[in-house]
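Hi,

Here is the structure I said I'd pass on. Have a look at it first, and then read my notes below.

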Amino acid sequence: LRSQGQGVRVAVVDSGVGPHPGLTVVGGKDFTGGDGKWTDQYGHGTHVAGLCCARADNSLGGAGIAPRADVLSARVLMANGQGSLDSIAA
C-alpha cells in the first residue's frame with residue numbers, strides 16, 4: 001500500500017473535475033461529445049474528487065482518503081448533471 005496514495009492516479013468518472021486549489025488534476029478527457037473540456041461545470045465530480053484526493057497540507061479544509069494521489073478527470077456528465085450510457089462506456 002502506498003503512503004496516502006503517493007504515486008497513484010485516480011480517475012474520477014463523473015461531471016469533470018476542477019479546477020480546485022485543493023486537488024492535483026494531472027489531465028483529463030471529455031467523453032460527452034460536448035465542448036471538449038474536462039473541467040467540472042456541474043460540481044459533483046469535483047466534490048467526489050475531493051472526498052478521494054483533497055490535499056491535506058493546504059489549509060483549505062478536510063483531506064481526502066488519498067491526499068497524495070493525482071486525479072484524472074473523465075467527464076461523462078454534461079453541465080446539467082445528465083449523461084448517457086454511451087459516454088460512460090467510452
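**A buried serine in β3**

S73 counts as buried, because its relative accessibility is just 2% and the cut-off for buried is under 20%. Keep in mind as you read that this is a predicted model. You'll find S73 in strand β3, which covers residues 70–75. Its side chain has a polar atom 3.1 Å from the backbone nitrogen of V17. So what else is S73 in contact with, once its neighbours within four places in sequence are left aside? The list is V12, G16, V17, G27, G28, K29 and W38.

**The salt bridges**

How many salt bridges does the structure hold? There are three. As a bit of background, side chains of opposite charge can pair when their charged atoms come close.

Start with R75 and D30, where the closest N and O atoms of the salt bridge are 3.7 Å apart. R75 lies in strand β3 while D30 lies in strand β2 (residues 25–30), so this pair ties together parts that are 45 residues apart in sequence. Are these two residues buried or exposed? Both R75 and D30 are buried. For R75 the relative accessibility is 2%, which is why R75 counts as buried.

R75 also forms a salt bridge with D35, and here the N to O distance is 2.9 Å. This pair, too, links distant parts of the chain: R75 is in strand β3, D35 is in the loop between β2 and α1 (44–53), and they are 40 residues apart.

That leaves D70 and R55, whose side chains meet in a salt bridge at 3.7 Å, N to O. D70 lies in strand β3 and R55 in the loop between α1 and β3, so the pair ties together parts that are 15 residues apart in sequence. R55 has a relative accessibility of 17%, and therefore counts as buried.

Which residues are joined into one network by salt bridges that share partners? They are D30, D35 and R75.

**A closer look at D35**

D35 deserves its own paragraph. Its place is in the loop between β2 and α1. Unlike R75, which is buried at 2%, D35 is partly exposed, because its relative accessible area is 46% and that class runs between 20% and 50%.

Leaving aside neighbours within four places in sequence, D35 is in contact with D30, Q41 and R75. Two of these contacts can be described further. The side chains of D35 and Q41 make a polar contact at 3.2 Å, and a polar contact of 2.9 Å joins the side chains of D35 and R75. If you'd like one more distance to check in the viewer, try the C-alpha atoms of D35 and M78: they are separated by 9.7 Å, with the two positions 43 residues apart along the chain count.

**A nonpolar patch**

Finally, have a look at the surface. Which residues make a nonpolar patch there? V13, L85 and I88 do, and the patch has an area of about 320 Å². Of these, V13 has its place in strand β1, residues 9–14.

If you're opening the model for the first time, I'd begin at R75, since it lies in strand β3 and belongs to the network with D30 and D35.

Cheers

Terms used
Residues are numbered from 1 along each chain as its sequence is written. This is a predicted model: local features need pLDDT of at least 70, side-chain atom pairs count only at pLDDT 80 or more; totals for chains, interfaces and linings use all residues. Side-chain values use heavy atoms; hydrogens and water are left out. Helices (H or I, at least four residues) and strands (E, at least two) are DSSP runs, numbered from the N terminus. Buried means under 20% relative accessible area, exposed over 50%, partly exposed in between (1.4 Å probe, protein chains only). A polar contact is a pair of N or O atoms within 3.5 Å; within protein, one must be able to donate a hydrogen and the other to accept it, and residues adjacent in sequence count only if both atoms are side-chain atoms. Contact means heavy atoms within 4.5 Å. A salt bridge is a side-chain nitrogen of Lys or Arg within 4 Å of a carboxyl oxygen of Asp or Glu. Patches are made of residues with over 30% relative accessible area and no salt bridge: like charges are joined within 9 Å, nonpolar side chains (Val, Leu, Ile, Met, Phe, Trp, Tyr) within 5 Å. Accessible areas come from the Shrake-Rupley method with a 1.4 Å probe; for residues, only the protein chains shown count as cover.
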